[in-house]
Amino acid sequence: MKFHALNQVLSRGVNAVKNAVGSPISNPIVENIHVSCKEGKIFFMATNLNLTIRCEGELEIEEPGEIILNSEEITKIVQDLPLSEVIIETEEENVKIKCGRFKAKIKGQSADLFPPFIALEEGSDLHIENKKIKNIIRKTIFTTSAEKSRYELNGIKFHLKDKRLNCVSTDGRRLAIYSIQNDAFPSEEKSIMIPEKTLEEVVRILPDEGMATIRFGERKTQFSSGDIQIISNNLTDNFPNYDRIIPPEGNIKIKMNRSAFYSSIKRASNLSSKDTNMVILTFEDGNLEITAEREETGSEGHDQIEADYKGEKMQVRFNHNFIREFLQSLEDEEVELEMRDIRKPCIFRAVGENEYKYVLMPMRPPDEE
Amino acid sequence: MIHILPPEIANRIAAGEVVERPASVVRELIDNAVDAGASRIDIEIEKGGLQSIRVTDNGCGMSPDDAALCVQRHATSKIQNANDLEAITTKGFRGEALAAISSVAKFELKTRLPESEWGTQIVIEGAKEREPSQVGAAIGTVVTICDLFYNTPARRKFLKKPATEMNHVLSTVTWNALAHEDIHFTFAHNGRRSLDLPPVTSRAERIQQLFGKNILDEMIPVQLDTPALSLSGFISRPTVTRNGAQHIFFFVNDRFIKDRLLHRAMMNGYRNLIHAGRYPVVFIYIDIDPSEIDINVHPTKQEIKFSREDAVFSAMYGAIRNAWDADYKRDGLLPEDQEPAQTARQENHDAAPQSAAKTAATEKAQNDAASPEKQSQDQTSASAVPPKPASIQQLNRERSEGKISLENPPAPPAPSVHPQDQENQPNPIPDASTEPRQDSSAASPITTQIEPESHIQNTIPPDTSANISGAESRLPLGAIQDLIRIDKKTESLFDADSLEDSGELTVLGQFMHSYILAQGKDGLYVIDQHAAHERLLFEQFYTQSQNAPLASQTLLFPITLDFAPDEAGLVEEITDLLDSLGFGIEPFGGSTFVVRSIPSSLSLDEAEMFVKDFLGEVRHEGSASEYKEKALHTLACRAAVKFGDPLSVPEMEGIIRGLQKIPRRNVCPHGRPAILFVSEQSLQKAFKRTGF
Ligand SMILES: Nc1ncnc2c1ncn2[C@@H]1O[C@H](COP(=O)(O)OP(=O)(O)OP(=O)(O)O)[C@@H](O)[C@H]1O
Ligand SMILES: [Mg+2]
């Protein structure tokens with residue numbers, strides 16, 4: 001194998017795949033990055049057997065071939081190459097790298113034993129703008145659960161039904177759902193759990209421009225956009241029935257300025273109990289008072305913002321982290337809180353937003369037995 | 001006068017195997033010697049007692065007629081009628097022991113009344129009993145047996161190696177020696193005398209004779225007198241624990257007893273203070289009206305039935321908790337303004353016995369301090385008696401006492417807690433370093449603190465060899481050496497007790513993401529962040545949970561938890577308790593439960609782990625309030641910052657400020673130390689910056 005390539009082609013490829021590199025414990029060979037050249041293209045591939053990423057680039061090939069290189073070594077070398085054309089030449093397992101006046105000799109390994117890249121052939125395809133899918137993931141990924149014993153919650157559920165795609169995640173206390181309708185979507189029903197790690201890579205690697213194709217297979221899902229392919233094993237889908245979790249429309253609707261609400265929660269959170277993270281929201285005639293108490297130290301904090309609430313004084317307790325993370329994920333100016341009862345789940349959303357909802361369970365009120 | 005018990009009485013006596021192993025023979029023979037009023041008892045065994053056992057006493061002896069009779073079944077001089085069985089005041093009462101022993105071993109008894117010139121000898125070998133003969137003998141009785149179980153090979157097979165049997169014998173001797181400090185005991189194995197315990201006037205001294213002078217350094221006296229019973233003894237501080245219950249000694253009416261009720265009450269007294277699976281070192285003596293107990297439960301007489309179990313239980317528990325309170329109050333660890341929330345639950349509601357206990361404990365301590373043995377000790381080991389350890393710890397305690405008594409009028413029982421308080425109270429100088437010590441028996445603060453030997457003695461576990469060398473009166477090494485190796489981590493150089501008057505602490509930083517380093521007025525504090533935070537959370541949870549359920553996060557959808565079938569019943573029993581901790585949990589059929597809400601301080605994983613951990617802990621019997629405290633521990637442990645968690649300075653300050661407000665902060669709820677103190681002086685000394 002011998003090729004000439006622009007330095008950026010190499011660094012883009014290595015960077016794209018590096019997070020899919022496997023741990024040597026499971027199988028020493030997956031600790032490598034697979035590099036191959038044919039037909040004017042170079043392919044970088046890494047896999048940890050759950051997640052496979054492939055990224056291609058254009059280059060000038062003198063002699064096609066393939067090899068696997070230790071990921072750590074090649075990543076470092078590529079990062080620090082001078083800005084110049086790179087020539088890589090292999091002879092058996094010896095690899096020569098030349099770039100400007102820099103020369104290196106490293107050892108590779110035969111690619112024969114490396115798991116081959118197998119694209120998903122069958123499945124239902126969805127086409128979504130990169131920008132959109134990345135936004136959907138960003139707004140639902142922070143409510144996935146990291147808990148080991150609840151692996152069914154360690155990802156986002158992609159649920160396709162009646163040409164509507166619902167992306168839902170929950171950690172048991174809150175639930176985020178992004179729902180889009182598109183007549184071009186396949187009409188069959190698909191329900192798939194995609195691991196958080198895969199989706200992080202999708203957000204990281206997919207370019208902002210362009211279209212993505214999501215192909216749902218039986219056991220795997222493939223995201224592709226341009227010269228990037230991400231294939232991931234699906235998680236077992238034991239996701240709770242989210243339709244029943246999302247509350248029906250509530251009769252109490254309160255609008256607030258997002259950034260005022262955010263700052264206020266943040267100020268109060270500095271004084272809330274480290275242990276429970278509790279803030280108390282008291283709504284009363286056009287006003288929201290946010291209170292926090294840190295019993296440990298006897299500290300407390302109060303703040304007030306405007307809120308278009310009319311009615312009896314109402315007090316709800318929340319974990320402030322859960323509100324902050326939601327508000328942080330938005331750019332919108334106004335948010336709305338919709339609820340029925342202080343014991344029931346409530347809904348946060350940006351005003352005028354119909355696709356994205358954030359369902360949050362209040363903390364148990366003190367008077368309840 | 002020995003007589004044979006009529007069958008109707010004999011039948012009421014717990015039947016069973018009297019002799020199981022050499023130690024049982026020794027136990028019975030010592031019992032008889034004690035009953036005979038001996039002031040000296042010599043025990044000699046060969047090959048762990050398998051080959052021979054001889055017990056010699058200088059007691060009242062027997063007449064030739066009695067001697068002939070004593071080996072008969074149901075022959076006893078100790079009870080006359082059935083009524084006597086109701087209130088047994090002697091060790092023996094069955095008239096069984098000698099009969100049993102003489103039937104399973106080659107047996108010889110020589111006995112002589114003080115007033116007679118000659119003694120009587122009885123020899124029995126199997127069924128053959130030789131005519132009693134007149135022999136020359138010393139006043140008292142000698143029983144010698146050889147070849148235990150020679151005629152019952154099947155039973156002989158069950159005996160262990162001589163070394164093991166010898167340890168059992170040694171334990172038996174130890175128990176008896178602890179129970180009768182006024183009797184001179186000696187013990188020899190294979191001709192080598194390993195114990196020689198001349199009579200002493202206090203139990204403390206006997207304990208020291210057996211376990212070494214330092215044993216009492218980390219123990220505090222307990223004493224409680226109620227109309228029903230009186231209880232006294234010594235218990236180790238929570239920092240001194242063992243991993244087995246073998247150093248827990250209970251005596252009821254001078255009889256060594258293994259009793260679950262007493263054990264549980266005692267362990268309850270240590271609740272929150274020591275780690276599950278760890279045991280304290282405890283010597284407890286209970287004196288109770290003999291009609292209130294039944295010893296006629298088991299042939300080994302190591303089991304007992306109390307007719308008023310609850311009184312015994314609460315006396316034991318109360319005595320120990322009172323002892324803590326006295327100890328902690330004296331340490332200044334329980335600020336008076338804290339009283340309602342934090343200490344109420346430790347107080348015994350029965351005020352009278354409480355103050356009596358404290359007074360008595362003090363008296364006892366003084367007696368011990370005044371004993372001749374004590375006074376002959378040099379300065380460094382004067383700390384052997386708990387109330388007056390000449391250590392930095394003690395110094396700080398006294399300091400905080402001075403401080404407290406200045407700022408707050410002492411609570412009613414306080415003056416009797418520690419007579420030295422009274423000297424300190426009028427002292428107008430708040431600064432401890434200038435506080436003069438008038439008490440001549442205590443070392444002056446300065447010299448104690450920097451006296452090199454005292455430091456070494458206190459921080460290095462006592463050399464076990466020192467405990468046998470040149471001291472015949474010590475137990476052999478193997479039997480008890482681990483008792484002496486007590487944990488002295490918090491002694492001397494390290495002292496956590498002075499956090500109270502350390503003023504503002506400045507956080508210096510975090511070491512290895514695990515320890516908070518803070519600077520106080522006169523030294524460096526090293527705080528185990530997990531243990532400290534756990535302790536802090538526990539106290540907070542406790543206070544909070546008194547008023548209302550703990551903060552709880554309702555779940556969007558219930559999660560299910562599966563339990564083992566035997567756990568499921570337990571879970572159902574404790575759902576109310578779990579609810580008060582923030583768990584909404586309901587049965588869901590079979591051994592599955594649904595969880596609808598969890599404490600807001602826990603993640604789902606932690607919540608699940610918590611319930612499982614907690615069930616593991618409450619498996620053993622316990623009361624609802626015990627459950628609750630255990631649950632709070634487990635909760636605190638799960639919610640506390642972990643070892644290795646990076647902390648910000650404000651977070652560390654939060655922990656320290658919280659700690660300064662709570663009692664018992666120097667141990668985590670499991671009893672591990674949480675704070676170490678390194679005084680400036682000790683650093684100076686370590687760097688050889690002082691002239692001493
Ligand atoms: N060392 C001794 N000195 C004086 N008298 C003794 C001694 N040993 C035994 N006796 C007498 O022999 C009797 C029988 O002793 P033995 O140990 O068999 O029964 P006991 O002590 O009465 O009851 P137990 O069955 O609990 O041992 C005693 O009651 C006592 O009178
Ligand atoms: Mg007897």
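Two strands are taken to pair if DSSP finds at least two bridges between them, and the legends below apply this to a predicted model.

**View 1. An open, antiparallel sheet of four strands in chain A.** In this sheet the strands follow the order S21-S20-S19-S22 (chain A), and their pairing is antiparallel. Strand S21 (299-306) and strand S22 (314-319) of chain A form the edges, each of them pairing on one side only. From one strand to the next, the twist averages 20°.

**View 2. The pairing of S20(A) with S21(A).** Strand S20 of chain A, which covers residues 287-294, is joined to S21(A) by eight bridges in the antiparallel sense. Within this pair, Ala292(A) has Gly301(A) of S21(A) standing opposite.

**View 3. Helices against the sheet of chain A.** Helix H6 (residues 258-269) of chain A packs on the sheet and touches strand S19 (278-284), S20 and S21 of chain A, while its direction makes about 170° with that of S21(A). Helix H7 (residues 320-328) of chain A, in turn, lies across S19 and S22 of chain A and runs at about 80° to S22(A).

**View 4. Two residues with positive phi, Glu92(A) and Asn190(B).** Glu92(A), a residue other than glycine, has a phi near 50°, and is found in the loop that links strand S7 (85-91) and strand S8 (94-99) of chain A. Because Glu92(A) has 9 C-beta neighbours inside 10 Å, and 12 or fewer is the cut-off, this residue counts as exposed. Asn190(B), also not a glycine, has a positive phi of about 50°, and its place is in the loop between strand S10 (184-189) and strand S11 (192-197) of chain B. With 13 C-beta neighbours inside 10 Å, Asn190(B) counts as partly exposed.

**View 5. The surroundings of ligand 1 in chain B.** Of the 24 residues around ligand 1, those that come nearest are Asn32(B), Thr76(B), Gly92(B), Arg94(B) and Ala97(B). The elements giving two or more residues to this shell are helix H2 (22-35), strand S4 (75-76) and helix H4 (97-104) of chain B. By class, the shell around ligand 1 consists of eleven nonpolar, eight polar and five charged residues.

**View 6. The contact between chain A and chain B.** Here 27 residues of chain A are in contact with 23 residues of chain B, and the side belonging to chain A has ten nonpolar, eight polar and nine charged residues. Chain B itself has 25 helices and 25 strands, and 49% of its 692 residues count as buried.

Definitions and conventions: Residues numbered from 1 in each chain as written. Chains lettered and ligands numbered in written order. Predicted model: local features only at pLDDT ≥ 70, side-chain atom pairs only at ≥ 80, totals over all residues. Near = placed C-beta within 6 Å. Nonpolar A, V, L, I, M, F, W, Y, C, P; charged D, E, K, R; others polar. Buried ≥ 20, exposed ≤ 12 C-beta atoms within 10 Å, placed from the backbone. Contact = placed C-beta atoms within 7 Å. Axes fitted to C-alpha atoms, helices over the stretch in contact; angles between N-to-C directions.
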